[in-house]
Amino acid sequence: MRFLKTAMIAGASVLAASAAFADGHETETPTTAIVTFTLPDGMTELQARDLFMGSVDTFAEMPGLIRKYYLFDEAEPVGGGVYLWESRSAAEALYTPAWREGLAERLGAMPQVQYFTSPVIVDNVTDDIWSAPDAHD
């Protein structure tokens, strides 16, 4: 648990330092993307964790990515991620047809991607609440 706490505290500055949240510098509303894909039957949480750990370096310093959570549902079995991006354009830069095809090749299933505008964000780590500026500001 200590590692998680340390990582959460260290990661707190990522949200505050992000260009999307800098006072007066908002260009686009942040975007949350939820990606899901089918995993092989019988995959365990440990196997999913090992699979996901193989991609962490790809996301560690990805431009425009604020935070990523890996997802796993053993009962389905489904994997995926929840990504908080500085903007929709930053998210779309990753989820290209080539990226989707590459993931489908590796996992045997085409990923599904849903985009959501994130006009309000509550961050309990930094005790901050951020909201998109009024278009008329």
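Visitor: Which ring does the charged end of Lys68 sit over?

Guide: The model is predicted. In it, the charged end of Lys68 is placed 3.8 Å from a ring centre. That ring belongs to Phe59.

Visitor: Which residues form one aromatic cluster with Phe59?

Guide: Phe59 shares its cluster with residues of three aromatic types, Phe, Tyr and Trp. Its partners there are Phe52, Tyr70, Tyr83, Trp85, Tyr95, Trp99 and Tyr115.

Visitor: How many aromatic pairs are there?

Guide: A pair needs ring centres within 6.5 Å. By that rule, the count of aromatic pairs is eight.

Visitor: Is the pair of Tyr83 and Tyr95 stacked or edge-to-face?

Guide: The ring centres of Tyr83 and Tyr95 lie 5.5 Å apart. Their planes meet at 80 degrees. Planes over 60 degrees apart meet the cut-off, so this pair is edge-to-face.

Visitor: How many residues apart are Tyr83 and Tyr95?

Guide: Tyr83 is in strand β3, residues 78-85. Tyr95 is in the loop between α4 (88-94) and α5 (97-107). The pair therefore links distant parts of the chain. The separation in residues is twelve.

Visitor: Which residue forms an edge-to-face aromatic pair with Tyr95 at 5.1 Å centre to centre?

Guide: Tyr83 and Tyr95 are both buried. In this further pair, the planes are 65 degrees apart. The partner of Tyr95 is Trp99.

Visitor: Is Trp99 buried or exposed?

Guide: Buried means under 20% relative accessible area. Tyr95 qualifies at 5%. Trp99 has 17%, so Trp99 is buried.

Visitor: How many salt bridges does a search of the whole structure find?

Guide: One joins Asp50 and Arg49, with the closest N and O atoms 2.9 Å apart. Another joins the side chains of Arg88 and Glu92. Over the whole structure, the search finds two.

Visitor: Are Arg49 and Asp50 buried or partly exposed?

Guide: Arg49 has a relative accessible area of 47%. Asp50 is at 44%. Partly exposed runs between 20% and 50%, so Arg49 and Asp50 are both partly exposed.

Visitor: What N to O distance does the salt bridge of Arg88 and Glu92 have?

Guide: Both residues are in helix α4, four residues apart, so about one helical turn separates them. Arg88 is partly exposed at 37% relative accessibility. Glu92 is partly exposed too, at 38%. From N to O, their salt bridge spans 2.8 Å.

Visitor: Which ring has Arg88 over its face?

Guide: Arg88 forms a salt bridge with Glu92. Arg88 also lies 3.8 Å from the centre of a ring. That ring is the one of Tyr115.

Visitor: Which side chain does a polar contact of 2.6 Å join to that of Thr32?

Guide: Thr32 is in strand β1, residues 31-38. Thr32 counts as buried because its relative accessible area is 18%. Among the residues Thr32 touches are Val82, Tyr83, Gln114 and Tyr115. The polar contact joins Thr32 to the side chain of Ser118.

Visitor: How far apart in space are Met53 and Tyr70, C-alpha to C-alpha?

Guide: Met53 belongs to helix α2, residues 45-53. Met53 counts as exposed, given 51% relative accessibility. Met53 and Tyr70 are 17 residues apart in sequence. In space, C-alpha to C-alpha, the distance is 9.5 Å.

Visitor: Over which residues is the pLDDT below 50?

Guide: The chain averages a pLDDT of 85, and 78% of the residues score at least 70. One stretch falls below 50, and has seven contacts in the model beyond near neighbours in sequence. That stretch is residues 1-14.

How values were computed
Residues are numbered from 1 along each chain as its sequence is written. Side-chain values use heavy atoms; hydrogens and water are left out. Helices (H or I, at least four residues) and strands (E, at least two) are DSSP runs, numbered from the N terminus. Buried means under 20% relative accessible area, exposed over 50%, partly exposed in between (1.4 Å probe, protein chains only). pLDDT is the predictor's confidence in each residue, from 0 to 100. Contact means heavy atoms within 4.5 Å. Rings of Phe, Tyr and Trp (its six-membered ring) pair if their centres lie within 6.5 Å; planes under 30 degrees apart count as stacked, over 60 as edge-to-face and the rest as tilted. A charge sits over a ring if NZ of Lys or CZ of Arg is within 6 Å of the ring centre and within 35 degrees of the ring normal. A salt bridge is a side-chain nitrogen of Lys or Arg within 4 Å of a carboxyl oxygen of Asp or Glu. A polar contact is a pair of N or O atoms within 3.5 Å; within protein, one must be able to donate a hydrogen and the other to accept it, and residues adjacent in sequence count only if both atoms are side-chain atoms. Lists of a residue's contacts leave out its neighbours within four places in sequence.
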